[in-house]
Amino acid sequence: MRSLQSDVEQRGTRIFELVDKHPERLFSKAGFYQRLMALSMHDERFKTQLFRFVAVLPSLRRSNEIIQHLEEYFSDSNNGFSPLVGMGLRVARLVPWISAPVLRWNVSEMARQFIAGRNPHEVITTLRKRRRQKIGFTVDVLGEAVVSEAEADEHAAFYGDLLEKLARETRDWTDPLGKNAELFPVVNLSVKISALYSQITPDAPADAIAHVSTKLRPLFRRARELGAFINVDMESYALKNTTLELFKTILTEPEFKDWPHAGIVIQAYLRDSEADLRDLIEWGRGRGTRFAVRLVKGAYWDYETTKSGQNGSNPPVFLQKPESDANFEMLTRLLFENNSIVTPAFGSHNVRSIAHAQAVADELSIDRSRFEFQLLYGMAGPIKRALVEMGYRVREYCPIGELLPGMAYLVRRLLENTSNEGFLRAKFAENVPAKELLRDPRELIKPAAARTGLSAGASAKAGDFGGISESNHKNDASLHATAGHSFRNAPLVSFIYKDSQDKMQSALREARKRLGEKYPLYIGGEKIWSDNLTPSVNPAEPTEIVGYGTEAGVDEAERAVKAARAAFEKWRWTPVEERAQLLERAADILERRRYELSAVEVFEVGKPWSEADGDIREAIDFCTFYAQQMRRLGRPKLTQQVPGEESYHHYLPRGVAFVIAPWNFPIAILCGMAAAGVVTGNAVIMKPSEQSIVCGAMLMQVFEEAGVPPGVLNFLSGHGSVIGAHLVDHKDVDLIAFTGSREVGLKIWESAGITRPGQRELKRVICEMGGKNAMIVDADADLDETIMYSIYSAFGFQGQKCSALSRLILLEENYDRVMERLIPAAASLRIGNPEQPGIMVGPVIDEPAYRRILEYIEIGKKEATLAYQAKEVPPHGYFIPPTIFTDVKPNMRIAREEIFGPVLSVLKVRDLDEALEVANGTDYALTGGFFSRSPDNIERIKARLEAGNVYINRSCTGAIVGRHPFGGFKMSGSGTKAGGEDYLLNFLVPRVVTENTSRHGFAPEQSPEYRDEFLWPKPRQ
């Protein structure tokens, strides 16, 4: 009895023999496409530019735009690109009216290699050709995620119409094999759930299932009537659990419980794919009806590793290609072992994977007519022909759609074809020997000790339908490699997982039990209570009191200053390492209480789940980042290497710091400013906003548990007009760190400039205020990204971020295209109580804010045109409907004044010159954004947009500590950068100590670059 490996090798060799009978290039279309792809496989930079150009091309409407982008992407004389490209550029400049259409036609032809047709008529023509070759089909509609419910409805209608057309045109067709044909209906349609609901979020699977089910049920019902098959596709990992649960939910319903012609995808590159498949099999046995599984490697490897790298979390995918291949083979066996309940389909171009499936089927005596192989349209034609000749059932995955929505799919296919580890490239372009291609992937897996991760920017290692390992991997680079230092952001909680959802629900229930509790002041290590209490209410349910804060007056403020001043005299001489460790202990406690604190934010300030978690994550990051930065700054550093003299530059704390924080980031900002003050050796008095007293009190609990010495951190809650004004003017307050409104900030700035009797220091003021943030949309912008990010930036957390989008500036050229998608997207937002998962728009903070925003909306109605306003908002609570104004002019109040609510002004401009003039034409300079795919225009915005934080092709909110140091200038702030490497310097005074080290002409040859801190008495070792 021969081994499985020898059987695989024999079968694989037979496939290769059949393939070689009808040889075909990797890129079957000759000329332009073939030469570009060949060049891209040998030049990574060229490949990046090429694929970016391919992606933007369909959105360019004029010849001169095409040529301009061509030059911007490829004209760098030092890029080393092929002479082919240089010659093409020269020709394009000479005759743009000819070259641009030719270029567009060539890219369209490139897309046609992978897209079966633009419409049902073209697809049917393609399918007829494949039928003559004994190849079946599954049709996939291009254009994945939708941004509005209007688009979702269009997709659902198109799916239904396409199903009818496919059934009608193929009614006389029969299965090519005949045997077990009942398992494989001729009509096979693939469906993506992201195309059926625009508001899918990982934390709200029940909501997604409820909405998508209403569109899937009619499709399933009609497919059953027509004898057709529906396959539910897999997409990114964020949607995986929802997709699986949706599939099981619908097919367990009485109407569909006995219907066998539905399938789902399992992606072998996912680490939890085995658990998912076993769960499906168990569910299927309980259901008692056969179902199908399409096993693939996975198409989103680059995306998943990039997102995980950004989040600092472990990637859900295997990091080595052979791991995915080996897992594919293990899952292949699992499918065959459960063939009585599962109909398998194997989606791969990898001959090793295909031969392995054949061998395992034979080993388990499973007839070849009981499973099928699926391959992508436009790829691996010789392999398809070989499998048909060997008597296997072959189905082709046939995308349908226009070029523009098909660009994402096209680029994935190009990445797969040109990947260093792609099987097709190895076989058809590089002629790797068959024996190497048929090796057991388990032999190719590097041991864990031999690798540290993988570059998130590496090429796709696990393409949709196959791949091959090479010795020249990028697997040895660190996934978390960061230039300059070793700081790592805390990962966000992943609400993809049910465990995380359950923990948040439990935390909300526990937080609700504690509503109405009282919280003390903390002064000099003592809890101070009084009968004067300030209530904090739930803005979603204003009759609910979240908690009561003890109200401090002038007497308590004086006591806090004395306690801080006394504590400062000891704390200032505490070694940096002790101070840094205090912050790290606080970070650990914040992490441990993460769900609890997030739940309190949901109740007290109306933050949705993910926004609340992001706030706690930021607080954790502030603690760990500032601890690390203080270790760096705390070592006296030699200024110059000079014989006979040592000069060391170091820093001293300023004294007593008064921290005044806002309610919109109630734990993060308060923690960031207080932690900065404490770790630099200052004594701190922190005052939270009156609307977020409970959050502030809980942060004080965290630092108390972490062991902050008495008086080093003091907590006062109360009215800013009383204790705030008193402490700002106090002679013994040396530093004021404020984040809040422009009105209050400017008063603090002015008042702090007055020297009071007995004052020993010039007050330092860190003043972070608001913004009137603009995002500009270029003519070539990716509209899917533009709409998604603009909507989130404007309406996420009800527009109550100082970084929120307030002005959307559109060029005349794309104004109509943007608006026809922006309004329906806004109309699709989920508005409601943020206790519920998946809510984007909750209540504004309190009644004064509610009334002020409504007043601005009335002003807008008089100044401009009300283009959209949500009609349905909850009847109770401070809910403002998302509102969009058009015909807005730069001088209007709604375009100049900060509103701090879900109100967006849209301004139309002639060109980018005017766009910049408008964007820069306010008093503020906090955040700004730009959507474009023009390299030159992007560089121009990077240089000229006046904002402290400029964001390109992404949201203008969501700054991350260490990665996006945050803060603005002009009337947005004093130019400080929270979460940046220079932020702590605002809490310190620099000092230089110089010593003559020469004694009678003798001096040390060299002084150390760093020395120990200047501390006296010296701390005991």
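This passage walks through a barrel, a helix pair, a buried loop residue and a set of antiparallel strands in a predicted model.

A good place to start is the barrel. Eight strands close into this barrel, following one another in the order E1-E2-E3-E4-E5-E6-E7-E8, and their pairing is parallel. On average, neighbouring strands of the sheet are turned by 30 degrees against each other, with direction ignored. One pairing within the barrel can be followed residue by residue: strand E3, residues 229-232, runs parallel to strand E4, residues 262-267, and three bridges join them. Val232 has Ile264 of E4 as its bridge partner. A helix also meets this part of the model. Helix H13, which covers residues 321-337, lies across E4, strand E5 (291-296) and strand E6 (342-347), and runs at about 155 degrees to E6.

Strand E2 also helps to locate a single residue of interest. Thr170 sits in the loop between helix H8 (149-169) and strand E2 (188-191). Is Thr170 buried or exposed? Its relative accessible area is 4%, under the 20% limit, so Thr170 counts as buried. Leaving aside residues up to four places away in sequence, Thr170 touches Phe137, Val186 and Val187.

Further along the chain, two helices pack against each other. Helix H28 (residues 783-795) and helix H29 (residues 812-827) have axes 10 Å apart and meet at an angle of about 45 degrees. This angle makes H28 oblique to H29, and the crossing of the two helices is right-handed. From H28, the contact draws on Leu783, Asp784, Ile787, Ile791 and Phe795, while H29 contributes Arg817, Val818, Arg821, Leu822, Ala825 and Ala826. Sorted by class, the contact of H28 with H29 has eight nonpolar residues, three charged residues and no polar ones.

The last region turns to antiparallel pairing. In general, the strands of a sheet pair through backbone hydrogen bonds, in either a parallel or an antiparallel sense. Strand E14 (residues 637-638) runs antiparallel to strand E15 (residues 645-653), and two bridges join them. Together E14 and E15 form a hairpin with six residues between the strands, and Gly644 in the turn has a positive phi of about 80 degrees. Which residue of E15 stands opposite Lys637? That residue is His649. E15 also pairs with strand E30 (residues 988-996) in the antiparallel sense, over nine bridges. Here His649 appears again, standing opposite Val992 in E30. His649 thus faces Lys637 as well as Val992.

Notes:
Residues numbered from 1 in each chain as written. Predicted model: local features only at pLDDT ≥ 70, side-chain atom pairs only at ≥ 80, totals over all residues. Heavy atoms only, no water. Pairing = 2+ DSSP bridges. Helix = DSSP H or I, 4+ residues; strand = E, 2+ residues; numbered from the N terminus. Axes fitted to C-alpha atoms, helices over the stretch in contact; angles between N-to-C directions. Contact = heavy atoms within 4.5 Å. Parallel < 35°, antiparallel > 145°, perpendicular 65-115°, else oblique. Left-handed = near helix turned anticlockwise from the far one by under 90°. Nonpolar A, V, L, I, M, F, W, Y, C, P; charged D, E, K, R; others polar. Buried < 20%, exposed > 50% of the residue type's maximum accessible area, 1.4 Å probe, protein only.
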